[in-house]
Amino acid sequence: MLSIYRILTVISFPVLITIGLLRRLINKENNRSLLEKIFSFSKKKFNKKLNLIWFHGSSIGEITSVLPIIHSILKKKKYKILLTSNSITSGNLINEKLGNKVFHQYLPLDLPHLNKKFLNKWSPKCAIFIDSEIWPNFIYEIKKRKIKLILINARITNKSFRRWKYFYNFGKKVFS
């Protein structure tokens, strides 16, 4: 089932680009978010020798919920933080609350080639997904590279649980 998901995501790439461009027209994306999501393009320079912890939170609420953890980690000066998000408003919040204390990038679409490009660039030591951010291609690539993965504040609605039950073997593989 994971193979089918991976193939479907690759086939859908042209549609996802079109959706991204339409979202740009109605100001749901900006140039930076669009480039980072669709092409995993980032101008940011990063020294791969640093200990990088990657947090991903989709929206403002998720980002806000981990700010105390991030501030605590930053005090140690032993680690650098990459914080990815999906929305422009969460990106603005990150810039407002953390400025240049962390690296911020919009999360690329869950496509195998974008996941590899992203992970090759950043080489995180640990990935922390907030709430119920489940991206099977990313999870697969993270596991393949033996990067520690943590899901915090994880919860799943009854509706989502019923959906995952339809794809039991796929869900088992993703969540294992």
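Buried residues account for 43% of the 176 residues in the chain, a figure that, like every other value here, comes from a predicted model. For 176 residues, a compact globule would be expected to have a radius of gyration near 16 Å, and the chain agrees with this expectation because its own value is 16 Å. Taken along the principal axes, the box filled by the C-alpha atoms is roughly 45 × 35 × 30 Å. Of the contacts between residues at least 6 apart in sequence, 64% join residues that are at least 24 apart. The accessible surface amounts to about 10,400 Å², and carbon and sulfur atoms contribute 60% of that area. As for charge, the chain carries 34 positive and 8 negative charges, and the mean positions of these two sets lie 7 Å apart.

The chain contains nine helices and five strands, and, read from the N terminus, its elements follow the order α-α-α-β-α-β-α-β-α-β-α-β-α-α.

Helix H3, which spans residues 31-39, offers a useful place to look in detail. At its start, a side-chain oxygen of Asn 30 comes to within 3.2 Å of the backbone nitrogen of Arg 32. Along the helix, the buried residues are Ser 33, Leu 34, Glu 36, Lys 37 and Ile 38, a set that includes the charged types Glu and Lys. These buried residues of H3 pack against helix H2 (13-25), helix H5 (88-98), strand S3 (103-106) and helix H6 (112-122), so that the partners include elements that precede H3 in the numbering as well as elements that follow H3.

Directly after H3 comes Ser 40, whose phi is positive, near 55 degrees, although Ser 40 is not a glycine. This residue sits in the loop between H3 and strand S1 (51-56). Is Ser 40 buried or exposed? Ser 40 is buried, because its relative accessible area of 5% falls under the 20% cut-off.

A positive phi is also found at Lys 77, where the angle is near 60 degrees in a residue other than glycine. Lys 77 lies in the loop that runs between helix H4 (60-76) and strand S2 (79-85). With a relative accessible area of 73%, which is over the 50% cut-off, Lys 77 is therefore exposed. Ser 40 and Lys 77 thus each have a positive phi and each lie in a loop between a helix and a strand, whereas Ser 40 is buried and Lys 77 is exposed.

Notes
Residues are numbered from 1 along each chain as its sequence is written. This is a predicted model: local features need pLDDT of at least 70, side-chain atom pairs count only at pLDDT 80 or more; totals for chains, interfaces and linings use all residues. Side-chain values use heavy atoms; hydrogens and water are left out. Buried means under 20% relative accessible area, exposed over 50%, partly exposed in between (1.4 Å probe, protein chains only). Helices (H or I, at least four residues) and strands (E, at least two) are DSSP runs, numbered from the N terminus. Contact means heavy atoms within 4.5 Å. A polar contact is a pair of N or O atoms within 3.5 Å; within protein, one must be able to donate a hydrogen and the other to accept it, and residues adjacent in sequence count only if both atoms are side-chain atoms. The radius of gyration is taken over C-alpha atoms; the globule rule is 2.2 Å times the number of residues to the power 0.38. Accessible areas come from the Shrake-Rupley method with a 1.4 Å probe; for residues, only the protein chains shown count as cover. The place of a charge is taken as NZ of Lys, CZ of Arg, CG of Asp or CD of Glu.
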